[in-house]
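Me: Please take a close look at one part of this model, the packing between two neighbouring helices. A connected account would be best, with the cut-offs stated.

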Amino acid sequence: MDDTMHGWRFDEAQTTNFDFEEHVDCPTSRLIESFILEAIELEECRTIIGPPGCGKSATAKRVVSENRHIRYVTATPSSSGLKAFLRNVCSTFGVYTSSLDNARIERDLWNELYRLLYNYPMALICDEAQNLDLKTLRTALFLHDQTGLPVILIGNSAVLNRTRTKQAAFDQIADRQGPPLEIDGISRRDVEAFGIHHKVEGREAYELLVNFGEEERSFRGVVRLLKRARSIAGPKSSIHLSHLQGAASELLGRSATKRLIGETEPKTLQVVT
């Protein structure tokens with residue numbers, strides 16, 4: 001049978017060959033992972049909200065890659081409508097339906113989830129959930145109400161804060177779930193864990209790295225700095241302060257780098273005659 005119907009391709013099962021961002025075991029990633037696994041164990045729906053680059057997606061993808069019964073979908077702006085969401089979920093669970101009717105697609109999905117959940121526990125992670133409208137968010141939670149499937153919604157707080165309507169919709173849905181996990185950003189201990197992973201040495205080097213992390217507030221920025229420093233240090237050497245200074249100067253400029261390490265530009269003295 002042709003597996004393409006009405007422009008949508010249905011796969012027998014979700015593949016988990018993600019394009020991974022670099023994963024480093026750190027306090028924030030452990031917090032996200034334990035939160036996801038606890039929600040699945042308790043068969044609850046939960047929400048994770050945080051700024052971009054704080055490890056939400058990278059950690060969720062790693063959890064999915066290590067647990068074949070957890071499925072993952074991303075709600076892009078172009079696929080955030082109800083029909084696209086339902087088709088996306090059908091695809092990731094290997095559900096075939098030829099219907100164009102949303103209600104029929106939901107019933108086909110429920111029936112298959114009943115069968116799957118009877119055999120083993122499963123869960124759904126929906127990333128970039130801030131792109132979903134209220135109707136689609138309700139449908140996502142209705143999957144749990146009808147079948148017992150735990151649904152974990154991951155949302156970008158920066159986008160939600162810019163759009164009052166989406167924030168209100170997301171809050172309304174979050175109120176129906178267990179306590180949310182709200183991440184403010186990355187911590188000093190997170191940044192230090194990345195430094196250890198990349199073989200950074202020296203107290204001053206770590207201070208620069210932490211200061212950089214506090215400004216960037218994202219793992220992506222820290223990893224970008226460390227990879228640039230690695231290219232300066234070479235593949236086998238440890239990363240020292242001079243390597244990080246060189247990398248930071250390329251990324252931020254020399255004056256910003258001096259500020260990160262606590263140096264200030266020399267003041268010009270005025271001679272009074």
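Reply: What follows describes the contact of helix 8 with helix 9. The model is predicted, so local features need pLDDT of at least 70 and side-chain atom pairs count only at pLDDT 80 or more, while totals for chains, interfaces and linings use all residues. Residues are numbered from 1 along each chain as its sequence is written, and side-chain values use heavy atoms, with hydrogens and water left out.

Helix 8 covers residues 188-197 and helix 9 residues 203-216; helices are DSSP runs of H or I with at least four residues, numbered from the N terminus. The two pack at an angle of about 130°, and their axes are 9 Å apart. Axes here are lines fitted to C-alpha atoms over the stretch in contact, and angles run from 0 to 180 degrees between N-to-C directions. Helix 8 and helix 9 are therefore oblique to each other, given that angles under 35 degrees count as roughly parallel, over 145 as roughly antiparallel, 65 to 115 as roughly perpendicular and the rest as oblique. Their crossing is right-handed, that is, the near helix is turned clockwise from the far one by less than a right angle.

On the helix 8 side, the contact (heavy atoms within 4.5 Å) involves R188, V191, E192, G195 and I196. Helix 9 contributes Y206, E207, L209, V210 and G213. By class, five of these residues are nonpolar, two polar and three charged; Ala, Val, Leu, Ile, Met, Phe, Trp, Tyr, Cys and Pro count as nonpolar, Asp, Glu, Lys and Arg as charged, and the others, Gly among them, as polar.
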